[in-house]
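User: I want the reasoning behind the labels in this model. Please set each value against its cut-off and then conclude.

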Amino acid sequence: MATLTAPKKSATANLGEPPPKGIHLAVCLDVVDTYNDRVLKYGAPYGSENEDDYEYKNRERFIFGVKCKDGSLRKIASKPFPISLHEKSGLRAFLTSWLGESPKDGFDTATLKGKGAQLTLIERGEGDKTYINIGTISEVMEELKGKVPSADEFGTDADNDNTGAEIPF
C-alpha cells in the first residue's frame, strides 16, 4: 500500500465538471490515502450526532483523468475504499478488475499513477441531483493503449507522492 499521509487539502475538492457517462479511456493521476476518516457505521441513522454511531477508517481513492470526445480534459475520483486487500474487500475487487489479476501481498498502489484504464461511467440520480460515478474499470485493450491520455496533458505529475503538499488540481 502507499504510505499514509495527511493531505493538506481534499484531493477531490477541485476536480471540476465530471466527464459524461459512457466508456472512456483514462489515466490514473493520483492515489490519495487518508487516515482516520470519520464515517457513519453501517446501520446507524444518517446525520446522527452520537459519537458511538461513527468509526474511523483508513481509506484510499484513485483520481483519473479522462480526455472526452470533444477534446476536453476532465477528472473523476473513485469512491473511497477501506485500505485492505482481504479477498472480499472492495479495493481488491477494483484492483483485480483493473489489473486483470489479483494484487499480490505488499502491492504498492502508488505504482498505479500514470497507468491507463478503461472506465465505464454511470449516471446516478439522488433527489434533484445527478452524479457521475465509476461503474466499472478494466485494463486497456492492447489496440487502444496508444489512445490513453498521458498524465502530462492534465498538468499534473504522475510521480506526485501526495506527501501532503498542495495537490496541483
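The exchange below goes through the fold, the charged pairs, the cores and some single residues.

User: What kind of model is this, and how many helices and strands does the protein chain have?
Analyst: The model is predicted. The protein chain has 1 helix and 6 strands. Along the sequence they follow the pattern β-β-β-β-α-β-β. Of the 169 residues, 40% are buried.

User: What share of the contacts in the protein chain comes from residues 24 or more positions apart?
Analyst: The share is 62%, taken over contacts with a separation of 6 or more.

User: What makes Glu17 and Arg74 a salt bridge?
Analyst: Their closest N and O atoms are 3.7 Å apart. The cut-off is 4 Å, from a side-chain nitrogen of Lys or Arg to a carboxyl oxygen of Asp or Glu. The value is within it, so the pair counts. The search of the whole structure finds 8 salt bridges.

User: Why is the pair of Glu17 and Arg74 said to tie parts together?
Analyst: Glu17 sits in the segment before strand S1, and Arg74 sits in strand S3. The two parts are 57 residues apart in sequence, so the pair ties them together.

User: Is each partner, Glu17 and Arg74, buried or exposed?
Analyst: Glu17 has 58% relative accessibility. Exposed means over 50%, so Glu17 is exposed. Arg74 has 17%. Buried means under 20%, so Arg74 is buried.

User: How do you know that Asp30 and Lys113 form a salt bridge?
Analyst: The N to O distance is 4.0 Å. The cut-off is within 4 Å, so the pair counts as a salt bridge. Asp30 is in strand S1, and Lys113 is in the loop between helix H1 and strand S5. These parts are 83 residues apart in sequence, so the salt bridge ties them together. Both Asp30 and Lys113 are buried.

User: What is the distance for Arg59 and Asp37?
Analyst: Their closest N and O atoms are 3.0 Å apart, and the pair is a salt bridge. Arg59 lies in strand S2 and Asp37 in strand S1, 22 residues apart.

User: Why does Arg92 not count as part of a salt bridge?
Analyst: Asp105 is the nearest side chain of opposite charge, 5.5 Å away. A salt bridge needs 4 Å or less, so Arg92 has none. Arg92 is buried all the same. Its place is in helix H1.

User: Which backbone oxygen does the side chain of Arg92 reach?
Analyst: The side chain of Arg92 reaches the backbone oxygen of Leu85 at 2.7 Å. A polar contact needs N or O atoms within 3.5 Å, so this distance fits. Leaving aside residues up to four places away in sequence, Arg92 touches Ser84, Leu85, His86, Glu87, Ser102 and Pro103.

User: What makes S5 and S6 a strand pair?
Analyst: They share 9 bridges in the antiparallel sense. Pairing needs at least two bridges, so S5 and S6 pair. Arg124 has Tyr131 in S6 as its bridge partner. The hairpin has 2 residues between the strands, and Gly127 there takes a positive phi near 70°.

User: How many residues are in the largest nonpolar core, and which elements contribute?
Analyst: The largest nonpolar core has 23 residues. Those with the most contacts inside it include Phe62, Phe94 and Trp98. S1, S2, H1, S5 and S6 each give two or more residues. H1 gives the largest share, 5 residues. Another core, of 7 residues, lies apart, with Leu25 and Phe154 among them.

User: Why is Gln118 called buried, and Thr136 partly exposed?
Analyst: Gln118 has a relative accessible area of 18%. That is under 20%, so Gln118 is buried. Thr136 has 45%. That falls between 20% and 50%, so Thr136 is partly exposed. Gln118 is in strand S5, and Thr136 is in strand S6.

User: How do you know that Thr136 and Thr120 make a polar contact?
Analyst: Their side chains are joined at 2.9 Å. The cut-off is 3.5 Å, so the pair qualifies. Beyond its neighbours within four places in sequence, Thr136 is in contact with Gln118, Leu119 and Thr120.

Technical notes
Residues are numbered from 1 along each chain as its sequence is written. This is a predicted model: local features need pLDDT of at least 70, side-chain atom pairs count only at pLDDT 80 or more; totals for chains, interfaces and linings use all residues. Side-chain values use heavy atoms; hydrogens and water are left out. Helices (H or I, at least four residues) and strands (E, at least two) are DSSP runs, numbered from the N terminus. Buried means under 20% relative accessible area, exposed over 50%, partly exposed in between (1.4 Å probe, protein chains only). Lys and Arg count as positive and Asp and Glu as negative; His and the chain ends are not counted. A polar contact is a pair of N or O atoms within 3.5 Å; within protein, one must be able to donate a hydrogen and the other to accept it, and residues adjacent in sequence count only if both atoms are side-chain atoms. Contact means heavy atoms within 4.5 Å. A nonpolar core is a set of buried Ala, Val, Leu, Ile, Met, Phe, Trp, Tyr and Cys residues joined through side-chain atoms within 4.5 Å.
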